[in-house]
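Take a look at the model below. We will walk through it step by step, beginning with one term.

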Amino acid sequence: MNLQSIGQLVQRRRLALGLSQARLAKLSGLSRATINQLETGALVDLGASKLIGLLDLLGLELDASQRPLRRNALTLASR
């Protein structure tokens with residue numbers, strides 16, 4: 001999952017809760033511009049603590065799990 005797909009999830013949840021971007025921004029301590037950029041995929045970085053706080057506020061979780069290993073340059077270089 002990347003920041004763009006998280007932004008789409010945030011937008012769907014915000015709309016389901018009937019919140020405006022401005023209201024979500026105020027509740028989360030972020031700017032409305034940041035919420036907008038996250039939802040539109042224009043945000044490059046938010047920071048883990050801010051992102052987790054926003055997701056928690058919306059009743060969402062960020063799940064980290066191990067993917068199956070793929071043979072790629074990083075895997076080959078580590079051997």
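Two residues are in contact when heavy atoms lie within 4.5 Å of each other. Keep that cut-off in mind as we ask what covers what. Keep in mind, too, that this is a predicted model.

Start with the overall plan. The protein has five helices and zero strands. From the N terminus on, the order of elements is α-α-α-α-α. Of the 79 residues, 28% are buried. The protein exposes about 5,800 Å², and carbon and sulfur atoms supply 51% of that area. Now take the contacts with a separation of 6 or more. Residues 24 or more positions apart account for 53% of them.

How confident is the predictor? The mean pLDDT of the protein is 90. A value of 70 or more is reached by 87% of the residues. Confidence is highest in helix 2, at 98. Confidence is lowest in helix 5, residues 73-77, where the mean is 67.

Now find helix 1, which spans residues 3-16. Helix 1 has 14 residues. From its first C-alpha to its last, helix 1 reaches 20 Å, close to the 20 Å expected at 1.5 Å a residue. Which residues of helix 1 are buried? They are Leu3, Ile6, Gly7, Val10 and Arg14. These residues lie on the same side of helix 1, because they cover an arc of only 105° around the axis. The spacing has a simple background. An α-helix has 3.6 residues a turn, so residues three or four places apart point the same way. The other side of helix 1 holds Arg12, Leu15 and Ala16, which are exposed.

What covers the buried residues of helix 1? The cover includes helix 2 (21-28), helix 3 (32-40) and helix 4 (48-57).

Look next at the ends of helix 1. Asparagine 2 caps the N-terminal end. A side-chain oxygen of asparagine 2 lies 3.2 Å from the backbone nitrogen of glutamine 4. After the helix comes glycine 18, with a positive phi near 75°.

Zoom in on arginine 14, in helix 1. Is arginine 14 buried or exposed? Its relative accessible area is 7%, under the 20% cut-off, so arginine 14 counts as buried. Setting aside residues up to four places away in sequence, arginine 14 touches Leu19, Ser20, Gln21, Leu24 and Glu39.

One of those partners, glutamine 21, sits in helix 2. Glutamine 21 is buried as well, with a relative accessible area of 15%. Neighbours within four places aside, glutamine 21 is in contact with Arg14, Arg32, Ile35, Asn36 and Glu39. Glu39 therefore appears among the partners of both arginine 14 and glutamine 21. The side chains of glutamine 21 and glutamate 39 are joined by a polar contact of 2.8 Å.

Finish with helix 4. Its buried residues are Leu51, Leu54 and Leu55. Why do they share a side of helix 4? They cover an arc of only 95° around the axis, which puts them on the same side. The face turned away from that buried side carries the exposed residues Ser49 and Asp56. Helix 1, helix 2 and helix 3 are included in what covers the buried residues of helix 4. So the cover works both ways: helix 4 helps cover helix 1, and helix 1 helps cover helix 4. Just after helix 4, glycine 59 takes a positive phi of about 80°.

Terms used:
Residues numbered from 1 in each chain as written. Heavy atoms only, no water. Helix = DSSP H or I, 4+ residues; strand = E, 2+ residues; numbered from the N terminus. Buried < 20%, exposed > 50% of the residue type's maximum accessible area, 1.4 Å probe, protein only. Areas by Shrake-Rupley, 256 points an atom, 1.4 Å probe, with all protein chains shown as cover. Expected span 1.5 Å × (residues − 1). Arc of directions from axis to C-beta. Polar contact = N/O pair within 3.5 Å; in protein donor to acceptor, adjacent residues only side chain to side chain. pLDDT = per-residue confidence, 0-100.
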